[in-house]
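Biologist: I am new to this structure and should be grateful for a close look at one part of it, the pairing of charged side chains. Please then set that part in its surroundings.

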Amino acid sequence: MASGTVSFRQITPDILEVREGGGYLSVFGLPFLLAGLFVTLVGLRIVPVQNAADVPFWAWPLIVLLGVVFVAVGGGLVFGRRWILLDAGRGRIAKRWGLLVPMRTAGEYALSDYDAVALRFEAGDSDSADAFPVALRRHGGGAEFRLSSSTSFETSRDAAGQGARFLRLPLVDAATAHETQV
């Protein structure tokens with residue numbers, strides 16, 4: 001999941017916050033939000049249109065529905081955010097979602113289940129760019145916990161280094177053919 005804006009920020013001596021969302025995603029979602037608002041207002045007949053008499057009665061609820069869908073998608077892109085809190089003091093990871101502020105905790109995990117911060121390479125295809133995800137590697141090779149992903153190696157390398165220093169875990173650079181531990 002390549003993202004628009006990802007920031008790693010130490011908010012207390014024991015908590016590192018990974019915030020994703022906003023930035024370019026907000027700019028991309030703004031036309032959807034505005035178009036959805038306009039179409040919804042047309043469907044509710046608040047904004048008049050010249051051919052209103054030619055529109056069948058059953059089409060008005062469909063126009064409103066289409067507008068609401070666009071408002072939801074645009075609103076999610078403009079206002080949607082994801083937070084991951086790495087709490088070294090409590091030994092926990094909290095994943096949160098929300099609109100501008102955290103509203104819902106999606107899960108909590110134990111930091112002791114992970115033994116390294118891994119930087120990986122995911123090749124893109126004709127529709128997507130190459131990505132460099134940063135994840136916490138689980139003991140014994142289980143599922144990793146993805147912290148962020150960027151199309152820039154330097155951005156992901158800096159984020160992985162910051163996460164590894166904060167958690168006092170080794171950094172595993174697996175973005176090349178030969179995995180190295182830093």
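Modeller: Aspartate 87 counts as buried, because its relative accessibility is 11% (buried means under 20% relative accessible area, exposed over 50%, and partly exposed in between, with a 1.4 Å probe and protein chains only). This is a predicted model, in which local features need pLDDT of at least 70 and side-chain atom pairs count only at pLDDT 80 or more, while totals for chains, interfaces and linings use all residues. Residues are numbered from 1 along each chain as its sequence is written, and side-chain values use heavy atoms, leaving out hydrogens and water.

The partner of aspartate 87 is arginine 90: their side chains form a salt bridge of 3.7 Å, N to O (a side-chain nitrogen of Lys or Arg within 4 Å of a carboxyl oxygen of Asp or Glu). Arginine 90 is exposed, since its relative accessibility is 53%. A buried acid is thus paired with an exposed base. Both belong to a wider network of salt bridges that links Asp87, Arg90, Arg92 and Glu108. In general, side chains of opposite charge can pair when their charged atoms come close.

The structure holds 10 salt bridges, and glutamate 17 takes part in two that deserve attention. With arginine 9, glutamate 17 makes a bridge of 3.0 Å, N to O. With arginine 19, the closest N and O atoms of the bridge are again 3.0 Å apart. Glutamate 17 is buried, because its relative accessibility is 8%. Its two partners are partly exposed: arginine 9 has a relative accessible area of 40%, and arginine 19 has one of 30%.

The surroundings include a pocket (on a 1 Å grid over the protein atoms alone, an open set of points where a 1.4 Å probe fits, with protein on both sides within 12 Å along at least five of seven lines; lining residues have an atom within 4 Å of a point). The largest pocket holds about 180 Å³ of space. Of the 11 residues that line it, Glu20, Gly80, Arg81, Arg82 and Trp97 are closest to its centre. Strand 2 (15-21), helix 2, strand 3 (80-87) and strand 4 each give at least two residues to this lining (helices, H or I with at least four residues, and strands, E with at least two, are DSSP runs numbered from the N terminus). Strand 3 supplies the largest share, three residues.

Two loops show an unusual backbone angle. Most residues other than glycine have a negative phi. Leucine 100, in the loop between strand 4 (92-99) and strand 5 (101-110), has a positive phi of about 70° although it is not a glycine. Arginine 45, in the loop between helix 1 and helix 2, likewise has a positive phi, of about 65°. Arginine 45 is exposed, with a relative accessible area of 53%.

A further loop, between strand 5 and strand 6 (114-120), contains serine 112. This serine is exposed, with a relative accessible area of 56%. The C-alpha atoms of serine 112 and glycine 22 are separated by 31 Å, and the two residues lie 90 residues apart along the chain.

As to confidence, the chain averages a pLDDT of 89, and 97% of the residues score at least 70 (pLDDT is the predictor's confidence in each residue, from 0 to 100). Among the elements, helix 2 has the highest mean, 95, and strand 10 (residues 180-181) the lowest, 80.

Note on methods
Grid points are joined across faces, edges and corners, and a volume is the space filled by probe spheres set on the points.
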